[in-house]
Amino acid sequence: MSARALGQPASLRVLSNGFLAFWCLVAAFPIFWITVMSFKSPVDAFDDNPLNVIFGPATRAAGNGLSILDIALGLGLICATILYSMRRLPKAVRTYGAGRSMALAWIVAVLLVAVVFLVLFFVVLPWVTGLLNPVLGPLGRDVLGATTEHYQTVWVDRGFSNNFKNSMIVTAGVVSVSLTFGTLAGYGLARSGSVLAFWILIIALVFRALPHSVLVAGYLPVFINSAEWLAPILGENAPTLYGKPFAVIAVLVAINQPFTIWMLRSFFANIPADLDEAARVDGCSHFKAFRLVIMPVMWPGVITTGLFSFLLAYNDFLVTSLLLDASNQTMVPAIAGMFNRETTTTDQVVAVAAAVSITAPLFVLVMVFQRQIVSGLTAGAVKG
Amino acid sequence: MKFKTFAAFVGPSVLMMLLFIAFPLVKVFWQSFNVTQPVYETVEVEKCTPGFLTQICTTEFQTIPQLDDNGDVVTRTTYVGLQSYRNVLEMERFWTAAKAWSWSGIMTIDFWKALRFTLMFTLVTLPLVVGVGLLIALAINNAAAAIRGPVIFVSLLPFIITPVIGALSINWLFRGDGILTALLEHWLDRDLALFAQAWTIELMMMFYRVWHVAPFAAIIFYAGLQTVNQDSLESAIIDGATRWQRLRLIIVPHLMPLIIFVAIIHLMDTYRVFEEIVGFRSQGYVISLQWLTYDFLTPDQAGNRSISRASASAMLTMIGIAVLLVPLLKRTWRDHRGTS
Amino acid sequence: MNLKTILTAGAICVAGGAASAECAFDNTVPLRSLTAGFEAWKAVTDAMAECGNFEANLDQEFSEKQPEAFAANPALYQIGGVANSTMIPLLTAGTIRPLDDLVAKYGQNLSPNQFIRVDGKVMAIAMMVNNQHLMYREDILSDLGIAVPTTYEEVLAAAAAIKEAGVVDYPIGGTFMTGWNLGEEFVNMYLGEGGQFVDDKNMPTINNEKGIASLEMLKALTEYMDPEFLVSDSTYVQQQFQQGKIAMANLWASRAGAMNDEAESQVVGKVKMAAAPMGSVAPASSIWWDGVVIAANISDEEADAAFRVAMEGLDAEMVKAHNDASVWLIPGYEPGELAAGAAATAAKGALPYPASAAMGVMHSALGNGIADYLTGAKDAQTTLVDIEAAYTTAAKEAGLIN
C-alpha cells in the first residue's frame, strides 16, 4: 500500500501494532488455555491458580513431566514442521504433482507431513529425550507437568477415531456436493438477468434467516419412518434414512445452499461476462462455456466458499446429533455427549482433550488455505 | 440465457432447498394454525416400581392415549386459528403489565423477555462487530508484510473454532473461580460471581459473540482494503486530506457494500442467537427467541412437546428478522435496479 | 508421556478385548440397543456386547429418539434403556412388549423387586435405583460438634454454624441449574411435604401452602450457596465437593463414588452419606429407577434373543465387576458405605418419582418457572400461579386437559 510510503507517525504505528497484539492475545487465549488444560491431571486442570494449571504440580508429581530439553526439542520440531509446510511444501507439491491432479497431490502431501510429524513427535522424540534426560542434569529435570493420557483415552479407549472418520465423511460429502450444486446455480444466477433469478436469491436469503431447530425437528419422524413411506417407490430396498451419513449430507447441503449460491453468484458476477460470451459466439453451449472458460478461473472463489461449507458441516451440532445414530456419530455431538452425561472431573478433562483434537484439523486447514481465503475474498466473492 | 439452460443450472440447488427447507417451512406454517394431539382416555392403572428392597405398588388414574387396531396412537387435528400465536405472545398479560407501566411485569412473560434480549443482543453486537472488525482489518493492513500471514491466522481462530467448544471454553474461563474470574477478582480486589446475575451473563455473551464473529468481518474488510483505489487515495493526500478524512471519505465508502454484507449476515445470525444460551446455561436469567422455540420443541421426559407453539414462535422469529432486514434489503434492491 | 506408556495402554486395550466373550450363549440375531450414556449403562451394554452381534448406542438424545425409533415398524432398536419418566411415552404408545413369557423362560436370576409391573404385566426390568440424598463433610460437622442434619431446618442451622466458623464460604451445594435439575429439586421438596402435582383430571394442584413452603425452603438454601447456583448441575456440585468448597449437598447417589476418587478428589474419605433430609411427611427426595425394555414391533425370535442378551448384561458378574458404579437392584450387589445414603432415604419412606404424561409437562414448567422466584423477580404466590398457567397451556396443547 502506498499510504505507508508516506510514512506514519510513530504513535499511530505503536497504537496500531499494540492493538493488533492485544487482539491476537484475546483471540488465541481461550484456545491456548484449553490446550494447556488438556495435558494436565484433573486436579491441575481445574486449579484456581493459573500458574498451577500451567506448570501442573500434581501432574508432575504423578511422574508425567517435561524437561527443558523436551520442551526445546518439541517446540523445535513443531516450528520446523510449520516452516517446512509454509515454505518448502508448496514447491515440492508443485514439482511432484505437476501434470497430475493438484488437489490429490496436496492431500497426499498433507497426509505425509502429518504422519511423519506424528511419528517423530510421539515415537522418536520420547526415545531421544529418554536417552538424553538422565545425562543432562538440571536441563533434563521435569519442570512442566504434562500428560497425554487424556488423548489416549479419547482416541484409543473411546474410539474417537470412528467419530473422526464419520466427521470426515460428512464434511467431504457436504463440501463436494454443496460446491457442485452451488457453482452451477451461482453461475446460472449471475448470468441470468431474469426476475425469477432475483426472487430465487431473495427467497434463498429468507431461507438463510430461518431458525434451524424448527426445520430439523420436523425431519426426525420422516427420516425414521422412511422405509415405510419410501416402500411404494423403492420397494423392498427402501432405506431408513435416519442414521445414514448421506441423509445428513443432503440436509446440510440444503441448509448451506443459500449462503453458497449468494457467495458464488457475486463471485461469478465479477468475472466479465464477455469471457463466456466470446466462447458462446464460437459455438459453445452454456455448459461448455462454463467448463472451458469459467472453471479455470473460478477456483479462488470456490475455495473460499468451500471453506465456509467445511466449517458449517464440520461444526454442525443440531442436525448431526439428531439424525445420526450413536454408532456413526460425528465429533461435535460426541464431545457434547461427553460433557453432558454423568461425568467425573477426569471425564471433563478427557472431553477437553477431545475438544482440542477437533480443533486441530481446522488449524491445519486455515494454515494451508489462508492465502486463498484472502485472495478469494479479494477477487470479489463478497461484493454483497 | 434460455429458461431451459437456466433451469438446468439452478435446478439441483433449488430442488435441494425445496425438499429440505421449503416443504418443512410450509409444514411449520401449517402447524402454527393447527394442533395435533392424541385422543386420551383416563383409566385406572396399578403400577409397581422398585423401592430399595421391596416394591412399591400404587393404583392411580392415568391418562393414556387410545390406540387403533394397528396399535398406533389415534390423533386428532384441529384448526385453532391464531390460538398458538396468542399462547406465545400472551397479549392479555402483556397489556395488563403495560397498562400498569410495569416493565418488570412485561419481563416476566417469556416471549417479551426473549424479544428484549434478542433485540438488545443484536443491536449492541452489530456495531461492535463491524467496528472491531474494521479496526482489526486496518491494523493488519498497517502491519509489516512479514507478520500479516501469522496474524491473519491467529485472528481467524475464534471464527473457525467449533461454536459449542468456544462457548464451553469461555465458560471454563469465567465460571466459578475460573481463571479469568480469579484474575478479575485479584484486580478489582472483590469477590465476583459472573454467572449470578443477568447483566454480567449478558455482557459475557456479547463479548463471546463479538470475539467469535469479528474475525469474519475483519477478514472480509481486509480483502476489501486490498482493492481500494490507490489513485483516489493519492489525490486525496495531495489535496491535503487528513488520515481521518481519507478513512471516512474514501475507505469506508469503498467498504460500504462489504459492511452491508457483514451486517446482513450478522443480523440474521444474531437474531437467531441460541448457542450462547445453551453454552452459558443462562436460561434462568436470559432467554432468546430461538431458545424459546427450541424449548417448546424439546420433548419433556414423558415425550410431550409443544409443536404448535414452537411453529408459531418460529414464524414470529422469521417476521422479526424480515423487519430488521428491510432497510438493508431496500438498498440491495436499489443496487439491483441500478445495475440491471 | 513416552513410548512405554503408549505401548502399555495399547496392551491393556488388547487384553481388554481378549477378556470379553464370557457370555453363556452365542447370539446370532443382530441386535441394537438405544440407552442413555452414563456409566452404569456403559457397564451393562459392554456386558451385553460379549454375546456378539450386538451394537450399543449410548446417546444423550435418547429420550427424543426412542419414541420415534420404537414406533417404526420394524423398530430400529430391539433393546431400550429407560427410566421412570422416559418409559411413559413408550408405554402409552404401546411400542414395548409385555415380558412375562420371557421372564418365565429366561428370568430365573432376576429378583422380584426388579419387575416393573403395569396392570399386572411386567413391562420393564429395573437394574438400578437412584435418588438424591444428603452428603456431608464428616470432618467439618464433627469439628464444629454438629449432629448430622435430618431435616432441612437442621441443614440450615448447620450451614449457618459452618459459615459462622468460616470453614468454607458456601456451606451448601445444590443441583439448581435451571431446567430439569431445578424442577427436580422442587419435586423432591414438594414430595417431602406430601404434595400432589396434578389431580385426576390432570389439572395442576401445586398452588397451595405446601408449594409455597417448598419454594421458600429452596430459597432459604440458596442463601448458603455459591451465588452461581442457577448454572450448577450435578457435575459442578460434585466438583465443589471434591475441591473442598462445600460441606453439604443433596446429591445423586450415583455421584457418591466420585468423592473418594483419589485422582480428582481432595476430600477422600471425608464425605459421608446420610438419608435425604425429611420434609414434613417423607424424605425430600424421589426414587428413580433405570431399566431395560424390549420393543414390540419386532419378531418373537428377535425379542427372545434380545431378552437373553439383556439378561447377560444384567447378571451378577457384571455387578461384581462394577459394584460401585451404581446402586444396583441385581442379585449379587453388595451395598457399600457409599450406598448407605440411598438405602436410608428409601427406608425412611421416600416416594417414587410420580412419572406420568402430565408430570412430564409439569416438570418442564417447574424447571423453567422457579428461577424467577429465586432471582427475586416474582414472589412465591405469583411464581406458582404462573407455573400453573404455563402448565395448563402446555397440557392443553398436548391434549391432556380440555
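Let's start where chains C and A touch: 28 residues come from chain C and 36 from chain A, with contact meaning that C-beta atoms, placed from the backbone, lie within 7 Å. On the chain C side, the elements giving two or more residues are helix H1 (3-18), strand S2 (54-58), helix H3 (62-71) and helix H10 (234-242). H1(C) gives the most, with 4 residues. That side of chain C divides into 12 nonpolar, 9 polar and 7 charged residues; Ala, Val, Leu, Ile, Met, Phe, Trp, Tyr, Cys and Pro count as nonpolar, Asp, Glu, Lys and Arg as charged, and the others, Gly among them, as polar.

A quick word on the model: it is predicted, so local features need pLDDT of at least 70, side-chain atom pairs count only at pLDDT 80 or more, and totals for chains, interfaces and linings use all residues. Residues are numbered from 1 along each chain as its sequence is written, while chains are lettered from A and ligands numbered from 1 in the order written.

Helices (H or I, at least four residues) and strands (E, at least two) are DSSP runs, numbered from the N terminus. Staying in chain C, there is an open sheet of 4 strands, ordered S7-S8-S6-S9, with mixed pairing; strands pair if DSSP finds at least two bridges between them. S7 (172-173) and S9 (271-274) of chain C are its edge strands. Inside, S6 (residues 132-137) and S8 (residues 248-252) of chain C are antiparallel over 5 bridges, and C:Met135 stands opposite C:Ala249.

Finally, chain A: residues 196-220 are 88% helix and 0% strand, with end C-alpha atoms 32 Å apart. Thanks, everyone!

Conventions: Contact = placed C-beta atoms within 7 Å.
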